[in-house]
Amino acid sequence: MAYQNTNRCSSDEQSPSDSIAVLDPKPLAVVAPPAWGVHPPIVASFNDRIRPLLDCVDKLRHLNIMQEGIQLPTIVVVGDQSSGKSSVLESLAGISLPRGQGICTRVPLIMRLQNDSNITTTNLRLEYNEKSLPVDEAGIADAIILATDEIAGHGKGISNNPLTLVVKKNGVPDLTMVDLPGITRVPVQGQPEDIYEQISDIIMKYIAPQESIILNVLSATVDFPTCESIRMSQKVDKTGERTLAVVTKADKAPEGLLEKVTADEVNIGLGYVCVRNRIGNESYEEARSDEARLFSTHPLLSKIDKSMVGIPVLAQKLVRIQASIISKCLPEIVGKINDKLTANVAELNRLPQHLTSVAEALTAFMRILSSSKESLKKVLLRGEFDEYPEEKEMHCTARLVEMLDQYSIDLHSKNFEKKGDFLMEEIMALEETKGIGLPNFLPRAVFLNVLQKKVSEIAGTPEEFVGRLWNYVERIVIKVLMYHCDNYPQLQSSTRRAAQNLILIKKNESVDWVREIIGMEKLTDYTCNPDYLATYSKLIAQQQAFIEIMNDPHKPSVVNLEGVGEIDVGHLRKHLCMVQQAFDMKMRVTAYWKLVLMRMVDFMALHIMFSIQKMVNKEMEEAIIQDLMAPHGGGIERMLDESPLIAEKRTRLNKSVKLLKESKDVVASIMDRISVHGEQEKE
């Protein structure tokens, strides 16, 4: 099956052949399967067009750019346990890897193959745990085992920390691959019970990104649909457009292999390559020669198309796929690095200045006080909410008006009128204050007695209101102060404490003021508001008609009085001698009570705004300074102790910015080389 498609790293779709042609119009130096008896290397010459791209990605991988959430094009080797993964990698690299029963690969093995035609010996290097160790070819398998034990521990456990093997050799394909632990469902002695889950998590982490090419190693001796590695790759690559299959052990199960790789029951979009594993102590040249002979002469295997057999063909496909995916993903990687770098630099600049002197701390503290005061003026006094456009609770002037309106409604809704007992309260008060004196003379003490009773019955309402109001103001003030102190957590406790203590004082002051107002209303009756006399005159004008009804038992006892409503006055005919005085007092109280309630609301509004303005303009910053400078506050020097969270964030961002800048330089260098090469070709 021919090479069909690659990963979709960019929004502009192009065929693999197109992308490869742009990258390298000349054929890659990967030879076709050799004729029987000929033993050339897998790669005949160094390809200077692909190597820089791969070096760029390898450098980014070495910098660990993936920790910034930027995925790199990666060939990921997966397969069930004993599927022959290690043998395939050995054949590509021409070196021996650890072999044995059970899981041979216990950590992700990043294998970097670098072709160098100028050397005659193989150069090997292991990189792990921030170490880089040269290794000789004879001891590479043991060195990998020792490094694996150091990373994953002795025994049969696995680890997600990678081990990198750099192979620089004449004749190897320029490839970077990640070999993952083989999939096993049943733990053996020494393995954790959840070994399958651990391996699955590692594999899914590597194959899930759209930038990954999945090299799925399958044994010819099993049914492909039953392979666990197929099931996993299909989870993340349902159409198979990112999956290339290598079929090992073709010599052990040749029957039906042609049908299996051509029927493609498991959606392998990038095609199949059938290979023969190296057997025993065969040299790699002997293995390649025997492989070529097998697929040329075997009665069944020779029927498989030559573009689908042999390690050289696999190397050629992998190099082409790798070149294509890198060339397509690199511009997107550049964009992601730039975007991430810009975002991290901006976030780093938003962090508070690291203060190193008392002068710097004092300057920062005064800046916080100033900005906090300005924000409080905006939301509490001026009604500007540009800092909190979507948070309605922070639109304070509107919320204060709503609270005052509700306060007024609560005061006016106190219904003291019992229409069934109209004027009886006044008549009883008159009865109890009778004295020797002129008849029809309204004693002032009676009026005050009734007034004081009404005031006492509403006295709790304004106290409850100021409690609710200052609770609301406290929430607003704390939110604003904590926002402006967010970069200096060491200030937050003293600032919060100062604000809460001050608002408690303001609340108590308001309660005292309310009690004074209530006391004044109880003490005396006074107003210079002409509305009192106007309202009283209007109400008392109904007295004559009312008295006529009282004196004529034949008239209906139900009357409609302005300011009172419809009432039945039949019960009052038993108290005719007191009705006129009671009616007069009732109208006086009604007219005056209207003004009392208006005063209670108006004065409350003035008191609130005056108290809030005084708090914002002067008292708040004084309280914060006093608390900070108190023995328990720690003084301005506290700001020199940077918060552990801020310090950790600053360190993390600095490391990230350094990493991203280094990565940007790496990709800029390769992009410049590509640009220069393109210009040279045009010339």
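Does Glu-474, at 21% relative accessibility, count as buried or as partly exposed, and why? In this predicted model, Glu-474 counts as partly exposed, because its relative accessibility of 21% is not under the 20% that defines a buried residue. The residue lies in helix H14. When residues up to four places away in sequence are set aside, Glu-474 is in contact with Gln-500 and Ile-503. Arg-496, which stands 22 residues from Glu-474 in sequence, has its C-alpha atom 9.8 Å from that of Glu-474.

The protein chain comprises 683 residues, of which 50% are buried. Its secondary structure consists of 19 helices and 11 strands. Among contacts between residues at least 6 apart in sequence, 78% join residues that are at least 24 apart. The chain exposes about 32900 Å², and carbon and sulfur atoms supply 54% of this area.

The largest nonpolar core contains 94 residues, and the members that touch the most other members are Leu-380, Val-477, Phe-546, Leu-572 and Met-615. Helix H18, spanning residues 576-629, gives the most to this core, with 24 residues. For Val-477, the contacts beyond four places in sequence are Leu-376, Leu-380, Ala-499, Ile-503, Met-615 and Met-620. Ile-503 is thus a contact of Val-477 and also a contact of Glu-474. A second core, separate from the largest one, has 44 residues, including Val-77, Ala-93, Leu-109 and Leu-175.

Aromatic residues were examined next. The structure holds seven aromatic pairs. One of them is formed by Tyr-407 and Phe-465, which are stacked with a centre-to-centre distance of 4.6 Å and an angle of 20° between the planes. This pair links distant parts of the chain, since Tyr-407 belongs to helix H11 (residues 396-412) and Phe-465 to helix H14 (residues 460-484), 58 residues apart. Tyr-407 has a relative accessible area of 1% and is therefore buried. Phe-465 is likewise buried, with a relative accessible area of 1%.

The pair formed by Tyr-532 and Tyr-536 is also stacked, because the ring planes meet at 15°, with the ring centres 6.4 Å apart. These two tyrosines are four residues apart in helix H16 (residues 530-540), so about one helical turn separates them. Both Tyr-532 and Tyr-536 are buried. Together with Phe-447 and Tyr-592, Tyr-532 and Tyr-536 form one aromatic cluster.

Charged side chains are also placed over aromatic rings. Lys-260 lies over the face of Phe-224, at 4.4 Å from the ring centre. The charged end of Lys-454 sits over the ring of Trp-593, at 5.0 Å from the centre of that ring.

Two further charged residues are buried. Asp-149 is located in helix H4, which covers residues 140-152. Its relative accessibility is 16%, and Asp-149 therefore counts as buried, the limit being 20%. The side chain of Asp-149 makes a polar contact with the side chain of Arg-106 at 2.6 Å. Apart from residues up to four places away in sequence, Asp-149 touches Arg-106 and His-154. Arg-106 accordingly appears both as a polar partner of Asp-149 and among the residues that Asp-149 touches.

Arg-288 is situated in helix H8, which covers residues 284-297. With a relative accessible area of 11%, Arg-288 is buried. The side chain of Arg-288 makes a polar contact with that of Glu-291, at 3.1 Å. Once neighbours within four places in sequence are left aside, the residues in contact with Arg-288 are Ser-91, Arg-276, Ile-311 and Pro-312. Asn-277 is 11 residues from Arg-288 in sequence, and the C-alpha atoms of Asn-277 and Arg-288 are 9.3 Å apart in space.

Methods:
Residues are numbered from 1 along each chain as its sequence is written. This is a predicted model: local features need pLDDT of at least 70, side-chain atom pairs count only at pLDDT 80 or more; totals for chains, interfaces and linings use all residues. Side-chain values use heavy atoms; hydrogens and water are left out. Buried means under 20% relative accessible area, exposed over 50%, partly exposed in between (1.4 Å probe, protein chains only). A polar contact is a pair of N or O atoms within 3.5 Å; within protein, one must be able to donate a hydrogen and the other to accept it, and residues adjacent in sequence count only if both atoms are side-chain atoms. Contact means heavy atoms within 4.5 Å. Rings of Phe, Tyr and Trp (its six-membered ring) pair if their centres lie within 6.5 Å; planes under 30 degrees apart count as stacked, over 60 as edge-to-face and the rest as tilted. A charge sits over a ring if NZ of Lys or CZ of Arg is within 6 Å of the ring centre and within 35 degrees of the ring normal. A nonpolar core is a set of buried Ala, Val, Leu, Ile, Met, Phe, Trp, Tyr and Cys residues joined through side-chain atoms within 4.5 Å. Accessible areas come from the Shrake-Rupley method with a 1.4 Å probe; for residues, only the protein chains shown count as cover.
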